[in-house]
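This briefing is addressed to a computational chemist and takes up aromatic contacts, nonpolar cores, strand pairing and backbone geometry in turn. Please read it with the sequence and the model open side by side.

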Amino acid sequence: MISLYDTVTAEVRPLALREPGKVSLYACGPTVYDHPHLGHARSALTYDLLRRYLEWRGLDVRHVANITDIDDNIINRARDEDRTEGEVAVEWEAVYVDAMARLDVLDPHDRPRATEWVTEMVDFVGRIMDAGAAYTTPTGVYLRVRDVDGYGDLVHRDLDDLRASAGARVEVDEAKEDPLDFALWKAAKPDEPSWPSPWGPGRPGWHIECVAMSLGILGDGFDIHGGGNDLVFPHHTNERAEALAVGRPFARHWVHNAMLNIEGTKMSKSLGNYRTVVEMLDEHPLNGRAFRLLVLQTHYRKTMEVNPELMASARAAIQRLDALARRASAAGIAVQTGAAAADPRADGGAVEAFRAAMDDDLGTPQALAVVFDTLHRANTALDRGSTDAQALAATVFELAGALGVAVDAGGRGADEDGAIEDLVARRQAARDARDWGTADALRDELSALGVVVEDTPAGPVWHRK
RNA sequence: GCGCCGGUGCCCGAGCGGACCAAGGGAACGGCCUGCAAAGCCGUAAAGCCGCGGGUUCAAAUCCCGCCCGGCGCUCCA
């Protein structure tokens, strides 16, 4: 049985699916107007992991991740660069999608764009108006928060409490009936993109796109809604209120991942202390996998720290995985990662421990401990020439694959590989002739090319540093 | 101010009432293996006891109370 922490009930509880065997997952995607940073990557990785694990457990998952391609930030950026909002959004969406691919984040089944759902949003706002839970002002259409029962359930605060701190950071709009009321539809301002509506031209308000798209694609009472915990209020709280205002059951389960800190404080656009995903990825070929490992090493609900030292240690761990893959394949054991179906050769005890850890609110740190523990056992078995080696190594690859961590048995195929193979062969010939001087010189040559040679009982194997 | 989440070894990070397991990763040190390496294996480094002070209990890193410190949220930030 799979359990997950639910923000509404504030406890880890069994995942109660709308339909047995099927999971509908809506994860909040980015607003595309700039480079995605490491925090976006953590978030995407969290839901990619959830999706992969549910699938590994045999569930049929429908994963939706939106792209918000119209909002203040995009408008501002377009204005600054003297081009259209659409151009800005298209550019940054492409950067985002590409960066996620490099992180081995699986493409969601649907990646809806807000601007393609405006009709549905207008329709939704209309229904909220019909229900009497919204009103218009000169600046737009507002949801009357006190008409929504349990408005603050996600943040665990009641209306008075929320009101007391409303305006703590931003001044309130006098035209609203209540400071907590929020915009469903924003009346058009000059020079801003707008769409027609019964309340005049304007654009979508508080993430009404997420409601329209999640309910539109996944249907009422879909299973899981996820996002960064900075979205709990007001973003998700308002989204939820929009659905509740018209009596439509919303997400059954709310999952929120914690933030990512750099030097102890939240990495964010506004603080300017962020590092972009592309930058991190370009720094080292192993970084994509290393960052995923780093994310997995911290539980998703705990703030994680990132710095160069931690990236280096994660890379070292990835290299241990790859080293096992090289040893295994040199020993004639097939390396298959990311196998969807359980590998029949896998070690039962380890798989069971892994599953128990993951079933309990995605216990990736412990799950990873199982993987590395098994890796150690596999190496020992390999040293002893034990027949257990095959099962243990297969288990490591299978479980790493379930977490989306790719394992690389070595570099073959590229153009210059022929030359490398040649050097490796010449070195081996020199070794056979006990000409250590020549052998070492050749090894230095390879090293200069960024290639490491390892001598195994089955002959030399090499890989890139 | 209000709400939420944390404070565990050199670093990261599990554990959330009971077994000598305070996991796992990284770093360090010694040894084995190796022509030498790399990879791997074996072992070690006193975690003076898990932020501080009380309490509950036969038993607490794990529960309760207070305090200190850090992080996040309180209108458009994953």
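In this predicted model, F222 has a relative accessibility of 0% and therefore counts as buried, since the cut-off for that class is under 20%. Y26 likewise has a relative accessibility of 0%, so Y26 counts as buried. F250 has a relative accessible area of 6% and is buried as well.

**Aromatic pairs and their cluster**

- The count of aromatic pairs in the model comes to seven.
- The ring centres of Y26 and F222 are 6.4 Å apart and their planes stand at 55°, so this pair is classed as tilted, neither under the 30 degrees that would make it stacked nor over the 60 that would make it edge-to-face.
- Because Y26 belongs to strand β3 whereas F222 sits in the loop between α6 (208–218) and β9 (224–228), the pair ties together parts of the chain that are 196 residues apart in sequence.
- F222 also pairs with F250, and here the arrangement is edge-to-face, with 5.3 Å from centre to centre and 80° between the planes.
- This second pair again links distant parts of the chain, given that F222 is in the loop between α6 and β9 while F250 is in the loop between α7 (232–245) and β10 (253–257), 28 residues apart.
- Which residues make up the aromatic cluster that includes F222? The cluster is formed by Y26, F222, F250 and W254.

**Nonpolar cores**

- The largest nonpolar core holds 84 residues, and those with the most contacts inside it are L54, L103, I224, F291, L321 and F354.
- Helix α1 gives the most to this core, contributing ten residues, and the core draws at least three residues from each of domain 1 (3–266) and domain 2 (284–402).
- L321, one of the residues with the most contacts in that core, touches V371, F372, L375, V396, F397, V405 and V407, when residues up to four places away in sequence are not counted.
- Apart from the largest core lies another, of 42 residues, which includes I75, L180, L215 and F250; F250 is thus a member of this second core and of the aromatic cluster described above.

**Strand pairing and crossover**

- Strand β3, spanning residues 22–27, pairs with strand β4, spanning residues 60–65, in the parallel sense over six bridges.
- The chain passes from β3 through helix α1 (residues 38–56) to β4, and the resulting β-α-β crossover is right-handed.
- Within this strand pair, V23 stands opposite V61 in β4, while Y26 of the aromatic cluster also lies in β3.

**Backbone geometry**

- F233 and P234 are joined by a cis peptide bond, with omega at about 0°, and P234 is found in helix α7.
- D104 has a positive phi of about 65° although it is not a glycine, and its place is in the loop between α3 (85–102) and α4 (118–130).
- With a relative accessible area of 32%, D104 is partly exposed.
- H207, which is not a glycine either, has a positive phi of about 45° and is located in the loop between β8 (202–204) and α6.
- Is H207 buried or exposed? H207 is buried, at a relative accessible area of 19%, a value that falls under the 20% cut-off.

Definitions and conventions:
Residues are numbered from 1 along each chain as its sequence is written. Chains are lettered from A and ligands numbered from 1 in the order in which they are written. This is a predicted model: local features need pLDDT of at least 70, side-chain atom pairs count only at pLDDT 80 or more; totals for chains, interfaces and linings use all residues. Side-chain values use heavy atoms; hydrogens and water are left out. Two strands pair if DSSP finds at least two bridges between them. Helices (H or I, at least four residues) and strands (E, at least two) are DSSP runs, numbered from the N terminus. A crossover is right-handed if, with the strands pointing away from the viewer, the path from the first strand over the helix to the second runs clockwise. A nonpolar core is a set of buried Ala, Val, Leu, Ile, Met, Phe, Trp, Tyr and Cys residues joined through side-chain atoms within 4.5 Å. Buried means under 20% relative accessible area, exposed over 50%, partly exposed in between (1.4 Å probe, protein chains only). Domain bounds come from an automatic or database domain assignment. Contact means heavy atoms within 4.5 Å. Rings of Phe, Tyr and Trp (its six-membered ring) pair if their centres lie within 6.5 Å; planes under 30 degrees apart count as stacked, over 60 as edge-to-face and the rest as tilted.
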